[in-house]
Amino acid sequence: MKKIVLAAAAAFTLTSTAALAAEAGPELLKRQWTFDGATGKFDKLQLQRGLQVYREVCASCHSLKYVAFRNLTALGYSEDQVKALAAEYEFKAIDEEGSDVTRKGTPADHFPNPYPNDNFARASNNGALPPDLSLMTKARVGGPNYVYSLMQGYEDPPPGTELLAGMNYNKYFPGHQIGMPKQISDDQVTYADGTKASAEQISADISAFLHWAAEPKLEARHATGFRVMIYVLIFTILAYLLKRKIWARLEKK
Ligand code: HEC
């Protein structure tokens, strides 16, 4: 009986993982990220390159509404640099006379939405809505590896696959038909820091940047985790020594 149950359980796990794998497509490309592991940290230069990719490539379709310009000091920019960057953007405002005007962005502003609303965004993208990217790496299984793979997952559809109008084939996108055209290719951007802009590098940089956007407190969290571990360790040693002391008295009797 036990054997039958075990066999059934094994068969179930096998078929369900196989079904899941078939649905999710091939395994994601994986990378060693500097922020992996318990002591991982963001590479600020990489984040700066990722910001450049966001601004030059993604920002025409995707908002990044939870990131304020002042947050960019975490990437190693000075307050003056952040001020200058914010001032490159324009925001709608109403002046003292009640008229509509535009004003320059300030560090307190957030990245603006490229579209006035969702309907407009859909109408501009064949019906597909480009989602906000602020929390994207948290919202998808695989996180930064998913974005990294998605950027590099465009290919010709396998023979016999019919693409719906306006759709593109991407092997990592669930269902494989995605409304977003291919965005990244070699030398798509010219990096300010001179890094060679291969498609792989650009994909890695934008993914790292989006992971920072989704988890700006990652380093602080890692540091706290480390302190807690030290505390628990010291506490365990003390508890052990105390136990030895108490039992030593009992054993002597
Ligand atoms: C021309 C407009 C356009 C540009 C530019 C663009 N995207 Fe998209 N993106 C879209 C659309 C439209 C969708 C929704 C696709 C769908 O649901 O079929 C999307 C979806 C996504 C998704 C979500 C996929 C999912 O799993 O739901 C991610 C992640 C993404 N884009 C990242 C990026 C990044 C990173 C860049 C810049 C390198 C970028 N996009 C540039 C239009 C764009």
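This is a short talk between a student and a tutor about a predicted model of a protein chain with a ligand.

Student: Why is Asn126 called partly exposed?

Tutor: Asn126 has 13 other C-beta atoms within 10 Å. A residue counts as exposed at 12 or fewer and as buried at 20 or more, so Asn126 falls in between and is partly exposed.

Student: And what makes His176 partly exposed?

Tutor: Try the reasoning again with 18 C-beta neighbours inside 10 Å. Buried needs 20 or more and exposed needs 12 or fewer, so His176 is partly exposed.

Student: Where do Asn126 and His176 sit in the chain?

Tutor: Asn126 belongs to the loop between α4 (118–124) and α5 (136–139), while His176 is in the loop between β3 (168–169) and β4 (177–178).

Student: What is notable about phi of Asn126 and of His176?

Tutor: Phi is near 60° for Asn126 and near 70° for His176. Both values are positive in a residue other than glycine. Most residues other than glycine have a negative phi.

Student: Turning to the ligand, how many residues surround it, and which are closest?

Tutor: The ligand has 21 residues around it, and the closest are Cys58, Cys61, Pro130, Gly179 and Met180.

Student: How do you know which class Cys58 and Gly179 fall into?

Tutor: Cys counts as nonpolar and Gly as polar, so Cys58 is nonpolar and Gly179 is polar. By class, the shell has 15 nonpolar, 5 polar and 1 charged residues.

Student: Which helix gives the most to that shell?

Tutor: That is α2, with 3 residues. Both α2 (44–58) and α6 (144–152) supply at least two residues each.

Definitions and conventions:
Residues are numbered from 1 along each chain as its sequence is written. This is a predicted model: local features need pLDDT of at least 70, side-chain atom pairs count only at pLDDT 80 or more; totals for chains, interfaces and linings use all residues. A residue is near a molecule or strand if its C-beta atom, placed from the backbone, lies within 6 Å of it. Helices (H or I, at least four residues) and strands (E, at least two) are DSSP runs, numbered from the N terminus.
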